[in-house]
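Colleague: Please pick one part of this model and look at it closely. Then work outwards from there, one step at a time.

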Amino acid sequence: MRYFTVFLCLFFLIATGLPLINTDEWWIRIFDFPRAQIMFIGLLAIILCIFYFKENRKYQVPLILLLASALIYQLQDIIVYTPLYRAQAKGSSVDFREESFTLLVSNVRMDNVDKKSLLSLVEVRNPDIILITEPDQEWADALEKLDREYTHAVKKPLPNTYGMILLSKFPLSESEINFLVKEDIPSIFTEITLPSGQIFDFYGVHPEPPKPGTDTYERDTELLIIGREIKEEQRPVIVAGDLNDVGWSRTSKLFRKYSKLVDPREGRGLYNTYSVFIPLLRYPLDHIFYSNDFGLTSISKLENIGSDHFPIMITLTFEPNQAETVEEPSEKEKEEVEEKMEKEK
């Protein structure tokens with residue numbers, strides 16, 4: 001058991017320390033994801049140290065202090081997504097239906113044969129806007145039933161798991177399908193007009209995840225390119241989709257701070273959307289970030305639709321007069337973004 005305890009301690013310290021390295025290497029960035037699970041391993045390591053190293057105080061105390069420090073470091077990322085932390089996104093303070101809307105985001109998993117569950121979910125929840133990631137042509141054909149209700153759309157089904165479909169009850173304008181980093185990975189840009197006449201920008205994204213043989217440079221750069229556009233335009237905006245990243249990662253925080261967006265989960269909950277199939281290994285990969293021109297009415301993780309992701313739905317109200325100050329990037333962080341953008345050129 002002593003050897004197992006040593007192994008657990010080493011693993012926990014390495015898993016905590018590696019993400020501190022500012023790199024695009026997938027085998028390092030992958031440790032950004034399971035923070036809660038790594039915390040549990042760290043807590044278990046501390047408990048085992050107390051019992052199995054009690055005869056060797058010379059090493060036990062320093063090791064426990066080191067493990068506790070690493071545990072606190074891990075905790076500071078997770079606690080942000082609990083009610084113990086101040087909510088970053090303001091709650092809605094008005095009740096004006098013409099400026100309120102619901103947005104459903106769902107990674108349907110391209111190979112998912114259960115098309116009826118999503119259609120039933122849409123019928124019950126009746127969202128105003130739907131962003132679907134991973135649809136192929138078979139999914140696009142199945143979703144044509146929604147065209148009568150959702151009369152405005154941007155569709156790019158693909159057979160490579162990076163297809164994307166946006167459906168809206170509200171008018172869309174200036175719509176574009178962009179390939180910002182790779183020619184086979186699209187993103188969507190459009191302007192959405194609410195019944196009140198208010199217009200906001202919308203970005204739908206689904207960058208590549210970190211995986212063996214692929215670093216995170218393209219994923220990170222795609223987000224930062226969009227962040228730069230948002231910063232330059234300075235208009236009301238929503239960015240949504242399967243970002244294949246967690247909100248507490250260096251890239252996600254840099255992206256949000258640089259583009260001055262808020263994360264509605266902060267101070268409210270993790271809302272882990274992936275993986276449906278492994279309950280003990282879940283983290284939030286599907287995100288909805290937005291400018292502080294919106295107030296939050298509700299956010300919820302919805303039921304399983306046969307995909308490996310849970311859908312997520314949010315209700316927002318356009319209320320720019322109630323805007324609050326958001327966190328801004330430091331000069332060092334601004335320089336980091338500009339360096340990445342220069343590298344992309």
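Modeller: S275 lies in the loop between α8 (250-259) and β9. The model is predicted, so read the geometry here as computed. What kind of peptide bond joins Y274 and S275? It is cis, with omega at about 10°.

K260 belongs to the loop between α8 and β9 as well. Its phi is positive, at about 60°, although K260 is not a glycine. K260 has a relative accessible area of 36%, so it counts as partly exposed. Y271 is another residue of the loop between α8 and β9. Its phi is near 50°, again a positive value in a residue other than glycine. The relative accessible area of Y271 is 23%, which makes it partly exposed.

Go back to Y274, on the cis bond with S275. The count of aromatic pairs in the model is 12. For one of them, F11 and F31, the ring centres are 6.4 Å apart and the planes stand at 65°; this angle is over 60°, so the pair is edge-to-face. F11 is in helix α1, while F31 is in the loop between α2 (26-29) and α3. The two are 20 residues apart, so to speak a link between distant parts of the chain. F11 is partly exposed at 32% relative accessible area. F31, at 18% relative accessibility, counts as buried. Y274 also has a ring partner: with Y283 it forms a tilted pair, 6.2 Å centre to centre and 40° between the planes. Y274 counts as partly exposed at 25% relative accessibility. Y283, at 13%, counts as buried.

The loop between α8 and β9 leads to strand β9. How many residues of β9 are buried? The count is 5 of 5, so the strand is mostly covered. D286, I288 and Y290 point one way from β9. H287 and F289 point the other way. Residues on either side are buried.

Now the sheet around β9. It is open and has 5 strands, in the order β5-β6-β7-β8-β9, with mixed pairing. β5 (172-178) and β9 (286-290) are at the edges; each has a single partner strand, so one side of each lacks a neighbour in the sheet. The twist from one strand to the next averages 15°. The partner of β9 is β8 (residues 237-242): the two run antiparallel and are joined by 5 bridges. V239 faces F289 across the pairing. G241 has H287 as its bridge partner.

Y290 of β9 leads further. F101, F200, Y290, F294 and F318 form one aromatic cluster. Follow the chain past β9 and you reach another sheet. This one is open too, with 6 strands in the order β3-β4-β2-β1-β11-β10 and mixed pairing. Its edge strands are β3 (152-156) and β10 (294-301), each pairing on one side only. Neighbouring strands are turned by 15° against each other on average, direction ignored. β10 pairs with β11 (residues 312-318) in the antiparallel sense, over 7 bridges. There, K301 stands opposite I312. Helix α5 (residues 115-125) packs on the sheet and touches β1 (100-107), β2 (129-133) and β11. The direction of α5 makes about 165° with that of β1.

One last stop is helix α3, which follows the loop holding F31. At 1.5 Å a residue, its 18 residues (35-52) should span 26 Å; the end C-alpha atoms are 25 Å apart, which agrees. Its buried residues include I38, M39, I46, L48 and C49. The buried residues of α3 pack against α1 (2-17) and α4 (57-78).

C49 raises a last point. How many disulfides does the model have? The count is 0. C9 is in no disulfide, and the nearest cysteine sulfur, that of C49, is 3.4 Å away. The cut-off is 2.5 Å, so at 3.4 Å the sulfurs of C49 and C9 are too far apart for a bond. C9 counts as buried, at 3% relative accessibility. C49 is buried too, with a relative accessible area of 0%.

Note on methods
Residues are numbered from 1 along each chain as its sequence is written. This is a predicted model: local features need pLDDT of at least 70, side-chain atom pairs count only at pLDDT 80 or more; totals for chains, interfaces and linings use all residues. Side-chain values use heavy atoms; hydrogens and water are left out. Helices (H or I, at least four residues) and strands (E, at least two) are DSSP runs, numbered from the N terminus. The expected span of a helix is 1.5 Å times one less than its number of residues. Buried means under 20% relative accessible area, exposed over 50%, partly exposed in between (1.4 Å probe, protein chains only). Contact means heavy atoms within 4.5 Å. Two strands pair if DSSP finds at least two bridges between them. Axes are lines fitted to C-alpha atoms, for helices over the stretch in contact, and angles run from 0 to 180 degrees between N-to-C directions. Rings of Phe, Tyr and Trp (its six-membered ring) pair if their centres lie within 6.5 Å; planes under 30 degrees apart count as stacked, over 60 as edge-to-face and the rest as tilted.
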